[in-house]
Amino acid sequence: MKEFIRCAVLGLGRLGYWHAENLATKIEGAKLVKVVDPLQGRAEQVARELNVDKWSHDPMTAFEDEHIDAVIIVTPTSTHAEMIKLAARHGKHVFVEKPLTQKLEEADEVLQVIAENKITCQVGFMRRFDPAYVEAKRRIEAGDIGTPLYFKAVSRDGNVPPEEFIKYSGGIFLDVAIHDYDIARFLMNDEIYSVQSSGNILMESNRLMEKYKDIDQGLSQIRFKSGAAGDIETMRISSYGYDIRGEVVGTDGAIQIGSMRNNDVRIFKKNESSHDLVQDFPTRFKNAYLLEMIHFITALRKGEQPLCTALDGKRALEIAIAATRSFNNGCPVLLRNQEKYKEVML
Ligand SMILES: NC(=O)c1ccc[n+]([C@@H]2O[C@H](COP(=O)([O-])OP(=O)(O)OC[C@H]3O[C@@H](n4cnc5c(N)ncnc54)[C@H](O)[C@@H]3O)[C@@H](O)[C@H]2O)c1
């Protein structure tokens, strides 16, 4: 087993900083040796805060640095494909935030370059590492709810990202619902066969999304290869907090994931009881971001494949692109590149 993995974090925005902090302070066997961000002052500031030796405005300096084993790509989605290819060609292992890439052709290219250069790539589907989802997966695999028949998910966020992010995010199905497409495959242990989606801009304050063909509320109806079904509600307009829930209904029961509770405290007053609510993704998935990075570093140290690979990234991307296409043309879309599934009508 390798003693440590020397890492560079590329992109120090909303999420990149958390990955950098985890790598710098909390993960055994990880050494954060460089941070990179083109934004004036950002990399230098983070390097100082986290006691990191090197910082730069230019990701190329990380790819070309022979003292770096792995890069953590947390840059805007539109840059992922190029970053992964450059990293792989320089022999760096890759952790890349979701989505793997923005286009399917890019994903195919990326998979090929990863294979050619024999590097390891993990995609940031952190829900697979969240303790509640992990426990649900364990109970489903133990047969506690029988055969899974229906998957349900709610992903409601009220923190609308800035216009600059919306512009390059690829839209709500690619940027947000993709987490649920991945966790649906993971929990149901099945491939999604078809998707039909719809959506709208429900809040006038989000009208600017129209410019980028984006919406603030979407719904995906999915069918699995086995014939199981599901629905995924996705929105950016939650007024009350960051509300992420999932449910799998099986032949012998159901399992619900997520309580929305922040602190494990309940307040009782005359005729009412209440608890506080999670407000944002860094709070809800704090543990999951740490656990997925521990998994990545451990996999590299042991020379093992991670649980969530570039192929998983491509599968989820296929579904997100099909959902976007369905939203645009109003028809169900069958997933490409999959062996013949049994005929299922939406
Ligand atoms: N897994 C999750 O829950 C989750 C949550 C949020 C974001 N994300 C993903 O993480 C990625 C980044 O999202 P974010 O919200 O942190 O975005 P952000 O806009 O807050 O931050 C992106 C950062 O990357 C920097 N950057 C831009 N081009 C760069 C380049 N060429 N090299 C290095 N840095 C560059 C920007 O200056 C900025 O600081 C996106 O792909 C997004 O989909 C995932």
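1. In this predicted model, Lys-31 lies over the face of Phe-4, at a distance of 3.7 Å from the centre of the ring. A similar kind of arrangement is worth finding at another ring, where Lys-137 lies over the face of Phe-186, at 4.6 Å from the ring centre.

2. Turning from charges over rings to rings beside rings, the structure holds five aromatic pairs. In one of them, Phe-173 and Phe-327 have ring centres 5.9 Å apart and planes at 45°, so this pair is described as tilted, given that planes under 30 degrees apart would count as stacked and those over 60 as edge-to-face.

3. The place of these two residues along the chain deserves attention, because Phe-173 belongs to helix H8 (residues 172-188) while Phe-327 belongs to helix H11 (residues 310-329), and the pair therefore ties together parts that are 154 residues apart in sequence.

4. The two partners should also be looked at for their exposure: Phe-173, at 3% relative accessibility, counts as buried, whereas Phe-327, at 23% relative accessibility, counts as partly exposed. The cut-off behind this wording is that buried means under 20% relative accessible area.

5. Another pair is formed by Phe-281 and Tyr-289, whose ring centres are 6.4 Å apart and whose planes stand at 85°, so that the pair is edge-to-face. Here Phe-281 counts as buried because its relative accessibility is 15%, and Tyr-289 likewise counts as buried, with a relative accessibility of 5%.

Terms used
Residues numbered from 1 in each chain as written. Predicted model: local features only at pLDDT ≥ 70, side-chain atom pairs only at ≥ 80, totals over all residues. Heavy atoms only, no water. Phe/Tyr/Trp six-rings, centres within 6.5 Å; stacked < 30°, edge-to-face > 60°. Helix = DSSP H or I, 4+ residues; strand = E, 2+ residues; numbered from the N terminus. Buried < 20%, exposed > 50% of the residue type's maximum accessible area, 1.4 Å probe, protein only. Lys NZ or Arg CZ within 6 Å of the ring centre and 35° of its normal.
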